[in-house]
Amino acid sequence: MGVLVAELLAGLANAAALFLVASGLSLIFGVTRIVNFAHGSFYMLGAFIGYSAMQVLPGAIGFWAATLVAAVAVGLIGVIVEFLVLRQVYKAPELFQLVATFGVILVIQDLALLVWGPEDLLGPRAPGLKGVVHILGEPVPSYDLALIGITPFVLLVLWYLISRTRVGILVRAATQDREMVGALGVNQAWLFTGVFFLGSLLAGLGGALQLPKGGADLLMDFNILASVFVVVVIGGMGSIPGAFIAAVLISVLNVFGVKFIPQSTLVLMFIVMAVVLLIRPYGLLGREEAPGEHGQVGDPEQPISPLQSTGKLVVAGILVVLALFPIFDSPFLLVLMTDVIIVSLFAVSLHFMLSLGGLVSFGHAAFFGGGAYAAALLVHYVDTPMSLALLMAPLLAGFLALIIGWFCIRLTGVYFAMLTLAFAQLVWSVVFQWGEVTGGDDGIVNIWPAAWASSTTVYYYLTLVIGVGGIILMRHVAHSPFGYSVRASRDSILRAEATGINTKRIQWVTIAFAGAMAGLAGGLFVFSKGSVFPTELEIAKSFDALIMVFLGGVKTLSGPIVGASSLTIVQDFLSRFEYWRLALGLLIILIVILAPEGLVGSARKLGNRIGLGRSEGPGT
Amino acid sequence: MTAILEVKNLSKSFGGIKAVQDVSFDLMEGELLALIGPNGAGKSTCFNMLMGQLPPNSGSILFDGKELVGLPTRKIWQYGVGRTFQITATYPTMTVIENVQTALLSFHQRSFNFFSRAKTSYLDEAAELLSLVGMADQADRPAAVLAYGDLKRLELAIALSNAPRLLLMDEPTAGMAPSERIELMALAGRIVEERGLSILFTEHDMDVVFAHSHRIMVLNRGELIASGSVEEIRANPRVQEVYLGGGSVFADEGAS
Amino acid sequence: MKLKTVLATVLAATTFAASATFSFAEDTIKIGDMNSYKRLPAFTIPYKNGVDLAVEEINASGGVLGKQIEIVSRDDQGKPGEAVKIAEEMFTSDGVVMISGSLFSHVGLALSSYAGQKKRLYLAAEPLADALVWQKGNRYTFRLRPSTNMQAAMLAEQAVKTGAKKWATIAPNYAYGKDAVAAFKSELTKLDPEVEFIAEQWPGLFKIDAAAEVQALKAAEPDAIFNVTFGGDLAKFVREGTLRGLFEDRTVLGLLTGEPEYLDPLKDEAPVGWIVTGYPWYAIEDPAHKKFVAAYEAKWDDYPRVGSLVGYTTMLSIAEAIKKAGSTDTEELVEAFKGLELDTPAGPITYRSQDHQSTLGAYVGTISLDEGKGVMVDWSYKDGANYQPTDEEVKKLRPAE
């Protein structure tokens, strides 16, 4: 009995930091609709600032004062980020802001390294709460009990703030209907800034409060991000009580998971999330999302059309240039361009489902890595020839996408995105855990091209043909009857269904097709690198593709290619410098601000404005 | 004349509130039938049940002898029922003609075709439908930039793409200028005559209703309270009562 | 318009990449260095400092083959795919004669596979995976640091002496953790067939739920615990375990726990009494080592970590191999590395020709507190040569060349 109570209390104490960070994220999402990837960075800053403040402020009062100082400081940093970066891009396509927040992550990572140095910092213990209290004979750290008390207190304060104050009423109104706030005569910009302050403050508070249970290190930001998103989604995006219930649920389940299935630690919360979403598609306490955004906020996408003869000439010209690259006699150039083509294919496949299909996937790496692993396993276990493996990669990845898609098409919008993320994590953890078959994180090595394709130049040509072929195929499909149905299902489910289109099935096939194409990219990848590791299935890989698509321009067909090429090449160049993440982060933020419709989208808009455009823009 | 649509004892309630109660009516071939009633009378609920977007609690809907209850919207469309919406539903990211082509591709069961060029598919048919609704000159404009009246006409062209035998139009002229309203309903009347199809529509504008419908049904609080010719409805005291206690309200276009 | 953008990007890429291919006259010997400098700076920056110190000393004494050594250093970003790309660039554009470095096992394995395929030399400095020199070993890959298996064997030897029979293990849930537990189990069982392993805990790497793990371990009631967690996980585990009384009256063995990288952040909470592998740089009296510490402190105004020693020794090994080969030709360098003997601050080592593993050892001792920080006492240096598989075992493990 005592043991059980101790375990339960441990779970509740763990829920504290998770709840604080998640409630901030939920609040920010609810009001501003921004999916703030940088929220984990705010949590990390809370820990670092809290640590520094605790070095200066002595005693018990100093400890709690330092915690508050850290929370407020992070709140102010949040305001700076909102003011300098996000305020510039509120009118950009939905989810475009996540690219900006990704830039913020990179900047904060390098700044934290500069300021606090590389070593992990062990958090100071809370004065007066260093010991244990014996409950039913079991020692329970007194600080745990403090955390268990603080969490509901914060929940209560938030509840009071939101349901009993004018600001709270505005926040609720904004969560339910953004237009209404404008109608109430409220300055929306300041409301957003205020919410960002509060949300970041909560993250900072979470970071500072967990110091006595851990410390501050440079990996905290990404380490908490996934769990926080899971909590927010399980609770229902925008619901603070939901976040509380979910944080407690996840933490307590985790304690028992660790005890009874020690290996479950990697995946337990994602399984819980998937199950909750399949039963309650909007989370425990979430509301149905307003339908129809699907990346289409702002000016509607312009009608797309197949290339005219001049366009075809330009593409042919580019292909000729690409085909002539080997004359530079630089193997590295070919290796780099091989990477660029593979990544472009991957980005275009995400763009197909995200932009044309309106299906925002946060887990596209599952299909890229799935294809890579399919090829690698076939070669490793049954000595499959390269050409057959390259054929099987897209087929098996497409099959995987069919399975995952079957579940995911039940949901829409951000919840769809989060379910794809959950499944991608599931795939990742299977590969990671099932070492006997997949090699675990030691991966599968020595998967090199067949003898005839083993030279860098030949493999480059092979990638060029298959990769560009895949991209052209996808563009062709975009202009096929299926492509029209895909866009129809995105634009208006009502109209599409009323004209005989089975929109769910269209979406299902879209996911399978995009997944297969991502798998093709994965297949090419594995032979170009000679090995594959679970890193190719990680969340970071999925985010890479998202960043590329948005950076290039989500509402254009060439956007993902431009985004993928430029990001790959710029990153290759910048990574030569010590503080490359800072530089890359600032560059991304700059692009986000200067080109809020992505590189291609904004370039086209500029072109239209100065009279180069051929198509009729909205409002003409 | 035979009935193309036979609705029997259709009922729907939402959490105890009876939105539609025991509604029965027939729609004859080639008939332009109006369904009117004050706001909240259950007109849209009725429409959504006819088109398979809402499952009724009870009742039956026979279209050309086939039961529609329980079928999804897209199946009902495949049987030959077209629909326009109160708030237009078109594809804003496509051009006008592509909107129609998409519907035609679906009608010809080619939605899952990966390989042919959609841009050049069914161009003539699409152009013909656009001419029919007077939109031929706007064929290549993005649907996103159309005026509201043009969107309504585009929707009509889309709804006609499956060569329907029945067209369901939910407030076809809402949001249009008065002259446009007359024009659109005249067009609908012409289509009924030329193509021999039947139309069931709801409408707020009594001028439109009285000028164009062959027959009128009045729905109030989910119940059908009257049905008959224009004259009969004008003279019906119950209908007058429903519409603000009688008088000359039928001349007043803002009846709701 | 959009097509012009594509074209512009492609042209920019061409110009940039083409310009990268012009390399200038070879008056230095270039070595490619790669590590996860951003992903795990706490462990890789001391490594780089060690590398730089060694290069400075080598060049000050006239370099090798009459040329200065030049380091081309890049961040592998912790991504195997990136590492392979960078390796290609180093060999083909920068003109390095060989590459060295990396900390993560998966990056090391990817580079090793690349080396084998392209016939280019790679000296793995820090990755610990056993497979690197065994199942997935190849002619072109050598490794300096003692493998997981070697270090686990050193601890198993100590474990027997404690007499504990009921063991529990806790290790991060990834390849290194799994390898370490498997190696420890097999070595300990060999030495004492009566031991039993009654619980295994597998927290996610850097995502430990320490309270839960500690509760689970307590519930199993083992005599002794074998710990493989490190970094932030270790700090949390030690703190929760101490608070909740997990370590009272229990023997604890810690792999790598005594390395300054992991031990020093714990400060006065260092777990006294744990038997660990580590690096007591402050207490090693060997003159060669004292000289290394003095030089390191003079150059960096900081004390050396294990990474520093490994980085320093990596460069010493490379210089010695080039001297021995008398050339920078890859095949001749491979032959030179086989059986290469050199003196390091930790003592003499040999690169075994049968499995390409060096005999660099590790320090095993007990953690104690000294002026508010953890130190290793009663330590001894365990020569790696004594913990390596026999030639027959190697033959079975390694694929034929």
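This tour moves from the contacts between chains to the domains within chain A and then within chain C. The model is predicted, and every value below is computed from it.

**Stop 1: the three chains**

Begin by colouring the structure by chain. Two pairs of chains are in contact, and chains A and C share the most contacts of these. Next, hide chain A and look at what remains: no contact joins chain B and chain C, and their closest C-alpha atoms are 18 Å apart.

**Stop 2: chain C against chain A**

Restore chain A and select the residues of each chain that touch the other. The selection should hold 76 residues of chain C and 90 residues of chain A. Together, chain C and chain A bury about 7,500 Å², with 60% of that area given by carbon and sulfur atoms.

Turn now to the charged pairs. The interface of chain C and chain A contains 9 salt bridges. For one of them, select C:Arg244 and A:Asp144, whose side chains meet at 2.8 Å, N to O. Polar contacts between chain C and chain A amount to 27 residue pairs, counted with both residues at pLDDT 80 or more. On the side of chain C that touches chain A, helix H1 (residues 2-21) of chain C supplies the largest share, 13 residues. Colouring that side by class gives 32 nonpolar, 19 polar and 25 charged residues.

**Stop 3: the two domains of chain A**

Isolate chain A and define two selections: residues 2-218 as domain 1 and residues 337-609 as domain 2. The centres of these two domains of chain A, taken over C-alpha atoms, are separated by 33 Å. Where they meet, 25 residues of domain 1 of chain A are in contact with 23 residues of domain 2 of chain A.

The area buried between domain 1 and domain 2 of chain A is about 2,200 Å², 84% of it on carbon and sulfur atoms. Which residues in domain 1 of chain A lose the most area to domain 2 of chain A? Select A:Phe96, A:Val99 and A:Asp110, which together account for 25% of what that side buries.

Keep A:Asp110 displayed and add A:Arg581: the two form a salt bridge, with the closest N and O atoms 3.0 Å apart. The rule finds 1 salt bridge across this interface of domain 1 and domain 2 of chain A. Polar contacts between these domains of chain A number 3 residue pairs, both residues being at pLDDT 80 or more. Helix H4 (residues 97-116) of chain A gives the largest share of the side of domain 1 that touches domain 2, 13 residues. That side of domain 1 of chain A divides into 20 nonpolar, 3 polar and 2 charged residues.

**Stop 4: the two domains of chain C**

Switch to chain C, where each domain needs two ranges: 2-146 + 287-361 for domain 1, and 149-283 + 362-387 for domain 2. The contact takes 25 residues from domain 1 of chain C and 22 residues from domain 2 of chain C. These domains of chain C bury about 2,000 Å² between them, 62% of it on carbon and sulfur atoms.

Finally, select C:Glu259 and C:Arg145, whose side chains meet in a salt bridge at 3.1 Å, N to O. Between domain 1 and domain 2 of chain C there are 9 residue pairs in polar contact, both at pLDDT 80 or more. Helices H2 (41-60), H10 (287-300) and H11 (306-325) of chain C each supply at least two residues of the side of domain 1 that touches domain 2. The largest share of that side of domain 1 of chain C, 4 residues, comes from H10(C).

How values were computed. Residues numbered from 1 in each chain as written. Chains lettered and ligands numbered in written order. Predicted model: local features only at pLDDT ≥ 70, side-chain atom pairs only at ≥ 80, totals over all residues. Heavy atoms only, no water. Domains from an automatic or database assignment. Contact = heavy atoms within 4.5 Å. Buried area = accessible area lost by both parts, 1.4 Å probe. Salt bridge = Lys/Arg side-chain N within 4 Å of Asp/Glu carboxyl O. Polar contact = N/O pair within 3.5 Å; in protein donor to acceptor, adjacent residues only side chain to side chain. Nonpolar A, V, L, I, M, F, W, Y, C, P; charged D, E, K, R; others polar.
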